[in-house]
Amino acid sequence: MSEVLTFEELKTAVSDGSVDTVLACLVDMQGRLMGKRFVARHFVDSAWEETHCCDYLLATDLEMATPDGYASTSWQSGYGDYVMKPDLSTLRPLPWLEGTAMVLCDILDHHTHKEVAHSPRAVLKKQVARLEAMGLTAMMATELEFFLFEKSFDDIRKEGFRSLEPISGYNQDYHILQTTKEEDIMRPVRNYLVAAGVPVENSKGEAETGQEELNIRYAPALETADHHTIAKHAVKEIAWQKGRAATFLSKWHHNKVGSSSHVHQSIWKDGKSAFFDANDELGMSALMRNYLAGLLKYAVECTCFLAPYVNSYKRFQKGTFAPTRIIWSVDNRTAGFRLCGDGTEAVRVECRIGGSDINPYLALAAQIAAGIKGIEEALELVPPAKGDAYEGSSGMIPKNLRDAREALKGSAMLREAFGDEVIDHYCRTAEWELEEFDRVVTDYEVARGFERS
Ligand code: ADP
């Protein structure tokens, strides 16, 4: 990748005082940045080699709870350390934070210095390496949809999440007038991200009140996941700086459409798309047909990584542009998999199942693993579906996390691709989400039954 900030340039910036802080970050299971803020001088003198963090960072939930049942760490093992190894190729300025640069870290075992297999970056790197061994590269893009709210995160939390007023009063799909009113947030999001080496293409209004979409140029899979993570973080931080809130919950209200993170994908060989065949009616190569057939065959098993929470499944509703079925179709936004750019060199498949709450590393890794299996098995692709994909009941996306988790648990394909340790780890993650949801009494139950039950 083209480096945005070399280590030598960072050293110069530290010497001339333009950078005083370096964030050393890992990506956790939820796809969030976690880490430390280094005094820049200390980072360039020593911490650039490695730093440390508690190993519970890859075994907590969104609220930093410490569930039991993980083989990797526990109260019994004493929650020891991981090594955070800065990947200096990811060094970049964060222009929306004064005097600040950041670096992403890989997570290594404290004793063996081997990469921790269930760390999201390691999971994706392994699938990228499998493709590389086949002489192939996955070029991918994740779209980021999210909602902007009038109030700040803190005010919303203090008011018990009851004052959720989106920043606009109407559906703002492609709306220039309404999105102009959101430019105090979105303009810095676009421009600062570009300056941070995240190749934003555009932002646009989406099909709900307060909903925005950010598009980033496709890139090799690991870079795409890094871009996604940094962009999501930037949106939240810049919204916070402006006294607003941004949510990436995939469904924050049952009467509103949800937010997705579609995954565009093409496989390249020797610098050009191996998905394109000019002689095919749709421009699809045999390799693309095998790959897409793999995505379809293994979609149920991969769903846990595209819809990781109980809430994620509320998004899959008829007539909302979120899919309900695992079928493919040509430029049709009702299907789980949409063929885009048919007949051109940009021919690609867009997986529409993922919500805005995905961990992009895990989602992309699962897609690549399914695609590789499709190639290995030389799977034949069924003809594309036509018409409204919401009509019909075959090939349904799992209806809930419980079913998706069962499919993940039993997935020989993902066990072979990721390793048993990794699959068991993430099955426990999903199981914990279910246990917590089963335990907690929701607002819905109280309002419904308090008087009337
Ligand atoms: P849409 O109309 O669905 O928003 P866009 O043309 O904006 O489609 O492209 C959506 C995403 O697809 C962008 O992030 C773009 O970089 C990505 N993309 C374009 N070509 C390819 C490709 N060959 N492989 C993977 N992603 C691609």
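**Exercise 1. Describe the largest cavity of the structure and its lining.**

*Solution.* Step 1: the largest cavity holds about 190 Å³ of space. A cavity is a set of points on a 1 Å grid over the protein atoms alone where a 1.4 Å probe fits but cannot get out; points are joined across faces, edges and corners, and the volume is the space filled by probe spheres set on them. The structure is a predicted model, in which local features need pLDDT of at least 70 and side-chain atom pairs count only at pLDDT 80 or more, while totals for chains, interfaces and linings use all residues. Residues are numbered from 1 along each chain as its sequence is written, and side-chain values use heavy atoms, with hydrogens and water left out.

Step 2: a search of the whole structure finds one cavity of 30 Å³ or more.

Step 3: the lining of the largest cavity comprises 15 residues, where a lining residue has an atom within 4 Å of a point. Nearest the centre lie Met29, Cys304, Pro308, Tyr426 and Thr429.

Step 4: α9 (299-306) and α13 (420-439) each supply at least two lining residues. The largest share, four residues, comes from α13. Helices (H or I, at least four residues) and strands (E, at least two) are DSSP runs, numbered from the N terminus.

Step 5: ten lining residues are nonpolar, three polar and two charged. Ala, Val, Leu, Ile, Met, Phe, Trp, Tyr, Cys and Pro count as nonpolar, Asp, Glu, Lys and Arg as charged, and the others, Gly among them, as polar.

**Exercise 2. Establish the arrangement of the sheet that contains β9, and locate helix α6.**

*Solution.* Step 1: the four strands form an open sheet in the order β9-β10-β8-β12, with antiparallel pairing. Two strands pair if DSSP finds at least two bridges between them.

Step 2: β9 (200-205) and β12 (245-247) are the edge strands, each pairing on one side only.

Step 3: five bridges join β9 to β10 (residues 211-216). Asparagine 202 has asparagine 215 in β10 as its bridge partner.

Step 4: α6 (residues 183-195) lies across β8 (144-149), β9 and β10, at about 165° to β9. Axes are lines fitted to C-alpha atoms, for helices over the stretch in contact (heavy atoms within 4.5 Å); angles run from 0 to 180 degrees between N-to-C directions.

**Exercise 3. Characterise the surroundings of glutamate 150.**

*Solution.* Step 1: glutamate 150 is found in the loop between β8 and α4 (153-158).

Step 2: glutamate 150 counts as partly exposed because its relative accessibility is 41%, which falls between buried (under 20%) and exposed (over 50%), using a 1.4 Å probe and protein chains only.

Step 3: not counting residues up to four places away in sequence, glutamate 150 touches Glu165, Pro166, Ile167, Gly243 and Arg244.

Methods
1 Å grid on protein atoms, 1.4 Å probe; cavity = no way out; pocket = protein on both sides within 12 Å on 5 of 7 lines; lining within 4 Å.
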